[in-house]
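The following exercises are to be worked through with the sequence and the structure at hand. Each task is followed by a solution in steps.

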Amino acid sequence: MLDWDPLILTFELALVTTVILLFISIPIAQWLVKTKSGIKPVIEALVSMPLVLPPTVLGFYFLIAFSPSNSFGAWLNEWLGIKLVFSFEGLVVASVIYSLPFMVQPIQSGLAALPATLSEAAYVMGKSKITTLFRVLLPNIKKSLLTGIVLAFAHTIGEFGVVLMIGGNIPGKTKVASIAIYDEVEALNYEAANFYSLTLFAITFIILLTVYLINGGYLKRFWK
Amino acid sequence: MITLQFYKKLAAAAGDLDLEIALNIQKGELITLYGPSGVGKTSCLRILAGLMSPDRGRIKVDDTIWFDSDTKKNSSPQERSVGFLFQDYALFPNMTVRENLEFALKKGQHKGIINELIEVIELGDLQHRNPMTLSGGQKQRVALARALVHKPKILLLDEPLAALDYHIRQKLQTYIHEVHKEFSLTTILISHDIGEIVKLSDRVIVLEDGKILKQDTPQVIFMSKQLSGKFQFTGEVIAIEQEEVVYIVTVLIHNSLIKVVADSSEVTDLTIGDKVVVASKAFNPILYKIE
C-alpha cells in the first residue's frame, strides 16, 4: 500500500506558504515599485537571494537560528510556544522565505508596468492608497498575480534542501514528497519513488501549462 | 481665488530647471499655460494637484492653505478638490466606462451626477463599453467626465486635445467650454494650439525657462501687432517660395492651407514653423454657405 501522506503534506505546505506569500509580497512589491529610498537595492538583493543561494545554506542558518538552544529559538519557544525546528510551522517559515522572490518579482514587474497616472488619477479623486491598490492596481495585474501564485506554489512543491535541513524527515509532519522520494531511493524502493516522482511531475506540468494557457490568452473566453 | 507662489528645482533632460511661479487665478477663470516643451507646465499642474511638492512656497485656494513650506503644511491629493485630465487619459481598464465614473464618486455622494455627466458629455452609447476599446476622442470624453464626478472646484487639463484630430478637437473644446460654465469651475489648461487657446481661455500665461514671461488675454498675446483687421486668423508657416519678385508664403490655418503673397521685406524674419496672423484690412470678406 502506497503512503499518500508525503504528497498531502507537500500540497498543504505549498498552499499555506502561497497564501502567506500573497499577503506579504503585495506590500513588499508595492514598496519596491514606489520607493526612492537608498536601501531599495539592498532589499531587492535580499528578496532575490533564495534564487541563487544553495537551499542548504538557508536551511543551515534556519537550523541554527531556530534551535531552542539558541537565544532566538529559545525566546520563540518560551514566549510564543513555537518550535520551528523539525516542525511543520518551521517548514512554512522557511518555505515562505525560500519562495519569496517567485511571488515578489512577478507582482513587482506587473505593478511597475502600470502607468503612474492610474494611481494618481485615483488619488486626485480622493481615493486612499489601499482603495487604489485593491480596486485599481491589483485588478489590472491579474496575470502577474496568477504567475506569482503558481510559481510560488510550484517552487514550494519542488523544495528539498531547506526542508531536509530544517524539517528533518518526520513522517506525517515534515516528510514531504521530495524527501520521501530520496528516502525510497535510498531504501532501493524504486516503485514508491516512481509513484511520488510521477505524481509531482504530472501535477507541476499541469499547473505550469495552465498558467501559460491562461496568460497566453488561449483560455481567454473562460478566464474573463 | 487661487494664489500660487512656489519654487521647485526640476531635473529635466536638458539640465536642471528652476520653476518659479507667482500667479493669481480668479474664481471661474479659464487660463492657459503656454510655452515650449520642458518649461514646467505639467509640473505646475502636478504641484497644484498635490502630486508633486514644491521646494518652497505657498498655495492658497479660497481660504484654505494647500501648501506652505513655512508651516510644513502639505495637503495630500486626496484632500484637495481637483479634477485632473491626464494626457494619457488614465482610464481604469478593469472597469467599464460607467464603472470608471462610479468609482470616482465620493463616499455617500448621490449618483445623479453620473447621469448628468453622461448626458452633458454624450456618453450614453459608450457607458457599458470597456475603455480600452474606445477611440482617443472617446477616451478623452470619458476622462473629462470622470474628472468631474467628485465635483472639484478646479479642473486641470494637461494637453487634453493634443493627440486628437481637428473635428474631434472642435467638439471636445465645446465640451470643455460647457462643463467649465455648467459646473462653475476654475480651469487651467495646457495647450499649444493657438486657435484653441483663443477660443477657450480668458487669460494666457506664457512660460519660459520655468518663469512667467508674460500674461494677458489671448488676443493681446498672440496678435501683438494690434491690427484693426476686419478678419484675422492665426496659423503656421508651412512653406516660403520665391516667384519672380514676390514670395508666396503657405500658411496652415487649422486644417486648410492658405497662400499669401509677400514681398522680400516681409519674409526676411519669417521661417518655416513660425506662428503668424493672417489678416485683411481693406477687403470685405465674402461668406458662402457650404453646409
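Two strands pair if DSSP finds at least two bridges between them. This criterion is applied in the first exercise to a predicted model.

**Exercise 1.** Determine which strand pairs with β7 (residues 82–85) of chain B, and in which sense.

*Solution.* Begin with the bridges: β7(B) and β8(B) are joined over 4 bridges, and the pairing is parallel. Next, locate a facing pair of residues: B:Leu85 lies opposite B:Leu157 of β8(B). Then turn to β9 (residues 186–190) of chain B, which runs parallel to β8(B) and is joined to it by 5 bridges. In this second pairing, B:Asp158 is the residue opposite B:Ile190 in β9(B). Finally, follow the chain from β8(B) to β9(B): the path leads through helix α5 (residues 166–182) of chain B, and this β-α-β crossover is right-handed.

**Exercise 2.** Establish why strand β8 (residues 154–158) of chain B may be described as largely enclosed.

*Solution.* A residue is buried if 20 or more other C-beta atoms lie within 10 Å of its own. By this test, 5 of the 5 residues of β8(B) are buried, so the strand is largely enclosed by the rest of the structure. The two faces may then be taken in turn: one carries B:Ile154, B:Leu156 and B:Asp158, the other B:Leu155 and B:Leu157, and all of them are buried. For a closer view of one residue, consider B:Leu156. Leaving aside residues up to four places away in sequence, the residues that B:Leu156 touches include B:Leu45, B:Leu48, B:Val82, B:Phe84 and B:Ile188. B:Leu156 is also among the residues with the most contacts inside the largest nonpolar core, together with B:Leu48, B:Phe84 and B:Ala143. That core has 110 residues, and its largest share, 10 residues, is contributed by helix α5 (residues 88–113) of chain A. In soluble globular proteins, nonpolar side chains tend to be buried together.

**Exercise 3.** Describe the secondary structure of chain A and the surroundings of its helix α10 (residues 177–186).

*Solution.* First, count the elements: chain A has 12 helices and 0 strands. Its C-alpha trace spans about 65 × 50 × 30 Å along the principal axes, and 35% of its 224 residues count as buried. Secondly, list the buried residues of α10(A), which are A:Ala177, A:Ser178, A:Ile179, A:Ala180 and A:Glu184. Thirdly, identify their cover, which includes α1 (5–34), α9 (161–167) and α11 (190–215) of chain A. After α10(A) comes A:Leu188, with a positive phi near 60°.

**Exercise 4.** State how many residues each chain gives to the contact between chain A and chain B, and which elements of chain A take part.

*Solution.* Chain A supplies 15 residues and chain B supplies 16. On the side of chain A, the elements giving two or more residues are α6 (116–124) and α7 (129–137). Of these, α6(A) gives the most, with 6 residues. By residue type, the chain A side comprises 8 nonpolar, 4 polar and 3 charged residues.

**Exercise 5.** Examine how the two domains of chain B are arranged.

*Solution.* Domain 1 covers 2–222 and domain 2 covers 231–280. Their C-alpha centres are 34 Å apart. The contact between them involves 4 residues of domain 1 and 4 residues of domain 2. The domain 1 side of this contact has 3 nonpolar residues, 1 polar residue and no charged residue.

Terms used:
Residues are numbered from 1 along each chain as its sequence is written. Chains are lettered from A and ligands numbered from 1 in the order in which they are written. This is a predicted model: local features need pLDDT of at least 70, side-chain atom pairs count only at pLDDT 80 or more; totals for chains, interfaces and linings use all residues. Domain bounds come from an automatic or database domain assignment. Two residues are in contact if their C-beta atoms, placed from the backbone, lie within 7 Å. Ala, Val, Leu, Ile, Met, Phe, Trp, Tyr, Cys and Pro count as nonpolar, Asp, Glu, Lys and Arg as charged, and the others, Gly among them, as polar. A residue is buried if 20 or more other C-beta atoms lie within 10 Å of its own, exposed if 12 or fewer, and partly exposed in between; C-beta atoms are placed from the backbone. A crossover is right-handed if, with the strands pointing away from the viewer, the path from the first strand over the helix to the second runs clockwise. A nonpolar core is a set of buried Ala, Val, Leu, Ile, Met, Phe, Trp, Tyr and Cys residues joined through C-beta atoms within 7 Å.
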